[in-house]
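Thanks for asking me to look this one over. Here are my notes for someone meeting the structure for the first time.

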Amino acid sequence: MDDRLAEEVVDAINAVSGVHPGHRAAHARGTVVAGRFEATPAARALTRAPHMQGAAHRVTVRFSNGGGDPAVPDYATEGRGMAVKVYLPDGRRTDMVALSLPAFFARTPEDFLEFTRARRPDPATGQPDLERLGAWLGAHPEAGPTIQAAVSAEPPASYATCAYNGIHSFRWVNEQGEGRYVRFRWEPEAGVETLAAEEARARGAAYLQDEIVTRAGAAFTLVVTLAAAGDPVEDPTVAWPDGRDRVEVGRLELGGPDTERERDGDVLVFDPTRVVEGIELSEDPILRFRPRAYSVSVERRSGIAR
Ligand code: HEM
């Protein structure tokens with residue numbers, strides 16, 4: 001099916017970051033590691049999802065930098081990604097895809113498209129049109145906090161010292177049929193640690209990629225925040241206020257490099273809408289749109305239509 005909006009969005013990202021055959025249109029630079037995920041007993045009270053019942057599950061985790069140019073060095077200022085694929089015993093998979101930013105800058109795919117087009121560098125100067133960008137930001141104050149966080153974030157000491165937010169709301173439904181809206185977050189057991197810009201640069205262009213494969217044993221706690229009445233569940237630009245109930249629902253431990261995925265033509269795709277029973281999608285338009293844009297990127301990078 002020709003999905004015009006999704007094609008236009010990927011074209012707009014390409015116009016900012018360039019076309020890099022074989023690479024993801026966004027989050028082009030990253031590294032895949034193996035790991036295992038185990039839910040806590042508290043998870044089962046919130047959801048009947050099979051991977052949240054307590055048994056250990058094999059996972060593939062891809063850590064990435066947000067940009068679409070795989071040659072941009074690791075010390076650049078940008079958001080980072082953590083994408084997790086859980087392998088279920090019956091052969092199914094479920095994905096959780098998160099960012100190091102507290103929220104997202106766009107409320108709708110159309111806003112994403114407009115902003116990304118506004119970022120396109122002027123072919124004559126190579127610089128973005130600051131007037132156009134400023135006008136967009138003026139008309140979209142909801143984007144301010146996330147963009148501020150993205151442009152001021154210090155580079156991480158390691159992918160294992162970032163916290164990553166799922167940003168979208170999902171409805172978790174337990175065995176009794178009781179549903180709650182939640183947002184998830186991966187918190188590093190090692191604590192959050194960043195580097196001054198010069199220190200990151202001194203570690204070299206690939207310091208994040210090279211280091212993460214050595215971090216077997218590093219771990220993240222999976223925490224869900226429960227929505228209170230009236231919290232927006234469809235707007236990814238709004239972080240929920242502090243003070244909401246938080247529940248530790250799992251632990252993910254990294255192994256070494258993943259020796260199976262993304263080799264010998266294997267195509268690895270993380271899709272935040274690939275959920276299982278006990279986890280339902282909210283109506284957030286960005287969440288609903290993401291698989292459409294990802295499919296275009298996957299088809300262009302692998303030749304495989306999804
Ligand atoms: C309209 C909004 C968005 C668009 C158009 C978009 C676009 C993309 C594209 C084209 C890719 C490459 C897909 C592939 O080739 O497999 C990608 C990857 C990714 N996106 Fe998004 N994205 C959006 C929102 C988000 C949000 C809200 C998050 C986090 C909550 C996010 C996190 C990621 C991560 C972590 C990856 C890398 C996945 C991997 O390692 O394979 N994106 N995005």
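The points below go through the cores, the aromatic rings, the enclosed and open spaces, and two backbone details.

1. Before anything else, please keep in mind that this is a predicted model. Every value in this note is computed from that model.

2. A good place to start is the largest nonpolar core, which has 43 residues. Within this core, F63 and W186 touch the most other members. If you centre your view on F63, you can look for its contacts beyond four places in sequence, which include R29, G30, T31 and V33. Further along the chain, F63 also touches G81, M82, Y159, Y164, I212, F220 and L254.

3. There is also a second, separate core, made of 26 residues. F104, F105, L113 and F115 are among its members. Keep F115 in mind, as the next point returns to this residue.

4. How many aromatic pairs does the model hold? The count comes to 11. One of them joins F115 and W136, whose ring centres are 4.8 Å apart. The planes of these two rings meet at 50°, a value between the 30 and 60 degree limits, so the pair is classed as tilted.

5. Where do these two rings sit along the chain? F115 belongs to helix α3 (residues 109-119), while W136 belongs to helix α4 (residues 130-139). The pair therefore ties together parts that are 21 residues apart in sequence. Both F115 and W136 are buried. They are also part of a wider cluster, in which ring pairs link F104, F105, F112, F115 and W136.

6. Two charged side chains lie over ring faces and are worth a look. R58 is placed over the face of Y87, at 4.0 Å from the ring centre. K85 is placed over the face of F270, at 5.2 Å from the ring centre.

7. A search of the whole structure for cavities of 30 Å³ or more finds 1. The largest cavity holds about 130 Å³ of space. Its lining has 15 residues, and D95, M96, F170, F184 and V275 are the ones nearest its centre. Which strand gives the most to this lining? That is β4, with 4 residues. The strands β4 (93-99), β6 (170-173) and β7 (179-188) each supply at least two residues of the lining.

8. For an open space, turn to the second largest pocket, with about 430 Å³. This pocket is lined by 23 residues, and those nearest its centre are N165, R185, T225, A239 and W240. Both β7 and β8 (219-226) supply at least two lining residues each. The most comes from β7, with 4 residues. Strand β7 thus deserves a second look, as β7 also supplies residues to the lining of the largest cavity.

9. Finally, here are two backbone details to check. Most residues other than glycine have a negative phi. I167, however, has a positive phi of about 70°, and D264 has a positive phi of about 50°. I167 is in the loop between β5 (164-165) and β6, whereas D264 is in the loop between β9 (246-257) and β10 (279-281).

10. Are these two residues buried or exposed? The relative accessibility of I167 is 9%, under the 20% limit, so I167 counts as buried. D264 has a relative accessible area of 84%, over the 50% limit, and is therefore exposed.

Conventions
Residues numbered from 1 in each chain as written. Predicted model: local features only at pLDDT ≥ 70, side-chain atom pairs only at ≥ 80, totals over all residues. Heavy atoms only, no water. Core = buried A, V, L, I, M, F, W, Y, C linked by side-chain atoms within 4.5 Å. Buried < 20%, exposed > 50% of the residue type's maximum accessible area, 1.4 Å probe, protein only. Contact = heavy atoms within 4.5 Å. Phe/Tyr/Trp six-rings, centres within 6.5 Å; stacked < 30°, edge-to-face > 60°. Lys NZ or Arg CZ within 6 Å of the ring centre and 35° of its normal. 1 Å grid on protein atoms, 1.4 Å probe; cavity = no way out; pocket = protein on both sides within 12 Å on 5 of 7 lines; lining within 4 Å. Points joined across faces, edges and corners; volume = space filled by probe spheres on them.
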